[in-house]
Amino acid sequence: MADIDRARLLESVPTELFIGGKWAPARSRATFEVVDPASEEILVRVADASSEDGIAALDAAVDAAAGWAATPPWKRADLLRAAYDAILARREEIATLITLEMGKPLAESRGEVDYGATFFRWFSESASRMHLEGAYGTEPGGGYKIMTYKRPVGPTLLVTPWNFPLAMGTRKIGAALAAGCTVVIKPAEQTPLTMLLFAEVMREAGLPDGVLNVITTSDAAGVVAPIMADPRLRKISFTGSTQVGKLLLGQAAEGVLRSSMELGGNSPLLVFDDADIDAAVDGATMAKMRNGGESCVAANRIYVQSGVLEEFTRKLAERLGSFRTGHGLEEGVTLGPLIDGEQRAKVVRLVDDAVDKGATVVMGGEVPSGAGHFYPPTVLRDVPRDAAMHDEEIFGPVAAIYSFDTEREAIERANDTPYGLASYLFTRDLSRAVRVAEALDTGMTGINRGVVSNPAAPFGGIKESGLGREGSSEGIEEYLETKYIGMQL
Ligand code: NAD
């Protein structure tokens, strides 16, 4: 078990709304349950915001906007850096909370805290630089002067999913705050606690009132829509399903809001005959099993060239067989539960459908009895093109193996999807590696590695996987607009 006292942590975690720097219950006093997906026990109840609470949070962000935009960049940078240190100082607490509400093993939660915190380090370093980006010069006809500079877009709404309760928030908050935007964040209803604790950490680190506001609700649609319709809101940044992303883009069109969308994926992972098979198995294991497969960049389709199909399949099954399922706070557990019953039912449906259509179960596939939304590590081979899991995110620990013969076939099949988030390929041939990486229609490609996330790299997708990038120098651009001044001197 973890060192943190679970009961004490749950007693101390904030459960109210964080608006204008203060904790307050929902106006209606309503609350909703947060459940441990491994035990199905209720952890605590948190405030259930209504649309009025949502607008109150926007009021606070609007009130704080001018002051935060005018705060000297070094001061903002220092605050972000202090927040980075403060998150790491509370690493065990935050990690334990992530495991309790989301289910992933504690070691992975610690990894998420480190990854999530790094966005504050990264953006603290850029906070003072981007304000000097711009141009001053004479227009080509010689008539007058052109001056440009960057300024924050203004009050921003952030909506995040449950699979990385801290990092999906900090990836946005770090960039927004560095750029000088104030925010309202609505975390997923399954995992609100991490963001609430994070807000308290930020408050203690000295963040001015109203710069960050957190609203938790069981009625995402009812609370988000009125904020989206308010003309004071200038930007939406969303991470979640493509379906909800499209809905929010429709709402954003009304107010012509700047929009960043990190949406669903359907990542292919290609293993060529000339790959280092052990390295490919390592990479595929990371790309498949990280976060229990509940990741937008999870390897959803694994394409293996026929010459190495048997060896790769056998070794991957051996590796996935070594995972230990259980409560994420227990020592030695490497695979937690799925987030809820709905997600598990989806995985069951996708596996049953693939098997009905001709896939072979190499291992796993049996739903365990007892409490918790567990699903075992599973390997399927000979998955047919018409299986639903070819087109839908599995979001579970199920490796779906397809085979191919030629490089061209591999590329065509990898690109046979409306999504374009991540892709992975394994080969020892450098020319092939670059050629195939360039041919894959995804925002990100890993060559001989199964993880691509890094705060210094632009994370994001093309096609229906999204708009915009998070992290890197591009991440902050999402929260800035260019102001041009034409000067007749
Ligand atoms: P989801 O779209 O159901 O929910 C995401 C967020 O949107 C939650 O906060 C939810 O409360 C909110 N929401 C739901 N319906 C809404 C509505 N009608 N109006 C406003 N807000 C609404 O997604 P999920 O199941 O929580 O997350 C999994 C999805 O997120 C997967 O598709 C995954 O690929 C994607 N994801 C993408 C990235 C990325 O960076 N591209 C990262 C993580 C997850």
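How do the residues of the shell around the ligand divide into nonpolar, polar and charged? I opened the notebook with that one, and since this is a predicted model, I kept in mind that every value here is computed.

**Entry 1, the shell.** I found 18 nonpolar residues, seven polar and five charged in the shell around the ligand. I then looked up which of the 30 residues around the ligand come nearest, and got T160, E189, S241, L263 and E393.

**Entry 2, where the shell comes from.** I went through the secondary structure next. Three helices, α6 (167-179), α8 (220-229) and α9 (242-255), each give the shell at least two residues, and so does the strand β10 (235-239).

**Entry 3, polar contacts.** I checked the oxygen atoms of the ligand. One lies 2.6 Å from an N or O atom in the side chain of S241. At T160 the partner is a polar backbone atom, 2.7 Å from a ligand oxygen. G240 also offers a polar backbone atom, with a ligand oxygen 3.4 Å away. I followed this with the areas: the ligand taken alone exposes 840 Å², and the protein buries 88% of that.

**Entry 4, pockets and cavities.** I asked which pocket the ligand takes up, and the space turned out to be the largest pocket. Then I turned to the cavities and counted six of 30 Å³ or more. The largest cavity has a volume of about 60 Å³. I noted its lining in full: Y115, F164, M168, R171, R290, S295, C296, V297, S453 and F459. Sorted by type, the lining of the largest cavity holds six nonpolar, two polar and two charged residues.

Conventions: Residues numbered from 1 in each chain as written. Predicted model: local features only at pLDDT ≥ 70, side-chain atom pairs only at ≥ 80, totals over all residues. Heavy atoms only, no water. Near = heavy atom within 4 Å. Polar contact = N/O pair within 3.5 Å; in protein donor to acceptor, adjacent residues only side chain to side chain. Areas by Shrake-Rupley, 256 points an atom, 1.4 Å probe, with all protein chains shown as cover. 1 Å grid on protein atoms, 1.4 Å probe; cavity = no way out; pocket = protein on both sides within 12 Å on 5 of 7 lines; lining within 4 Å. Sits in = over half its atoms within 2 Å of the grid points. Helix = DSSP H or I, 4+ residues; strand = E, 2+ residues; numbered from the N terminus. Nonpolar A, V, L, I, M, F, W, Y, C, P; charged D, E, K, R; others polar. Points joined across faces, edges and corners; volume = space filled by probe spheres on them.
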